Amino acid sequence: MPVVPMASTSEDSAISKQDGSHSGIDALLIMGVSGCGKSSVSRALCLRDGAFAIEGDAFHPPANIARMRAGIPLTDADRAGWLDTLADQLRQAAAAGLKPVLTCSALKRSYRDRLRLAVPALGVVFLELSREAAAERVTHRPGHFMPASLVDSQFATLEPPLDEPLTLRLDATCPVDELAEAADLWWRRHPR
């Protein structure tokens with residue numbers, strides 16, 4: 001069964017009020033709480049259309065990883081330098097003519113806005129997952145530094161991008177290939 005965007009998307013708000021033309025997307029952010037499948041969907045999407053993956057977790061400084069391993073939630077200050085690094089990665093990839101796909105929790109609007117400063121035409125794919133499903137997935141995810149004890153803090157921080165431009169909201173419980181296909185088709189409908 002094909003994935004259908006949940007409820008409504010904000011993609012219609014991507015239509016310019018002045019000229020009625022669709023805004024194009026230069027890069028994608030795949031976001032959501034830990035365990036929603038960001039990395040898996042990114043891999044599947046990049047294989048499908050030749051996009052360039054930027055794995056947000058790979059850019060966390062050692063201090064952030066140590067905090068998370070210890071079960072200490074990251075603060076805005078902890079995330080600031082990391083978000084700046086991710087913004088630089090997005091900017092460089094887009095400038096090189098690549099199709100960047102960034103995986104990042106991007107839980108707050110201010111975090112997403114910071115990334116949009118690097119690539120204003122940033123499409124956001126929000127993988128929505130319940131607290132219970134996220135906790136279950138994180139508990140059974142081998143070898144990751146994010147413990148299940150931090151899932152609640154992620155939901156406490158989450159500001160869903162429900163009213164933001166160029167946003168596609170998907171049910172993260174759907175199969176990865178279907179999510180990647182839905183994101184790919186949506187991106188293709190917003191060419192640059």
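Let's start with a lysine and a tryptophan: Lys99 places its charged end over the ring of Trp187, at 4.5 Å from the ring centre. Keep in mind that you're looking at a predicted model. If you go hunting for pairs of aromatic rings, you won't find any, as the structure holds zero of them.

Salt bridges are another story. Side chains of opposite charge can pair when their charged atoms come close. Here the count comes to 15 salt bridges, and a good place to pick up the trail is Arg109.

Find helix α4, which runs over residues 109-118. Arg109 and Asp113 both belong to this helix, four residues apart, or about one turn. Their side chains meet in a salt bridge, with an N to O distance of 3.7 Å. How buried or exposed are these two? Arg109 counts as partly exposed because its relative accessibility is 31%, and Asp113 falls in that class too, with 32%.

Arg109 has a second partner, Glu164, and in this salt bridge the N to O distance is 4.0 Å. Glu164 sits in the loop between α6 (151-157) and β5 (167-171) while Arg109 is in helix α4, so this pair ties together parts that are 55 residues apart in sequence. Glu164 has a relative accessibility of 1%, so it counts as buried; the cut-off for that label is under 20%. So this bridge joins a buried Glu164 to a partly exposed Arg109.

Now step back and see which residues link up around here. Arg109, Arg112, Asp113, Arg116, Asp163 and Glu164 are connected in a network of salt bridges. The two Arg109 bridges we just walked through, to Asp113 and to Glu164, involve members of that network.

For another stop, look at Asp152 and Arg131. They form a salt bridge whose closest N and O atoms are 3.1 Å apart. What does this pair tie together? Asp152 lies in helix α6 and Arg131 in helix α5 (residues 131-139), so the bridge connects parts that are 21 residues apart in sequence. As for accessibility, Asp152 is partly exposed, with a relative accessible area of 46%. Arg131 counts as partly exposed as well, at 36% relative accessibility.

Definitions and conventions: Residues numbered from 1 in each chain as written. Predicted model: local features only at pLDDT ≥ 70, side-chain atom pairs only at ≥ 80, totals over all residues. Heavy atoms only, no water. Helix = DSSP H or I, 4+ residues; strand = E, 2+ residues; numbered from the N terminus. Buried < 20%, exposed > 50% of the residue type's maximum accessible area, 1.4 Å probe, protein only. Phe/Tyr/Trp six-rings, centres within 6.5 Å; stacked < 30°, edge-to-face > 60°. Lys NZ or Arg CZ within 6 Å of the ring centre and 35° of its normal.
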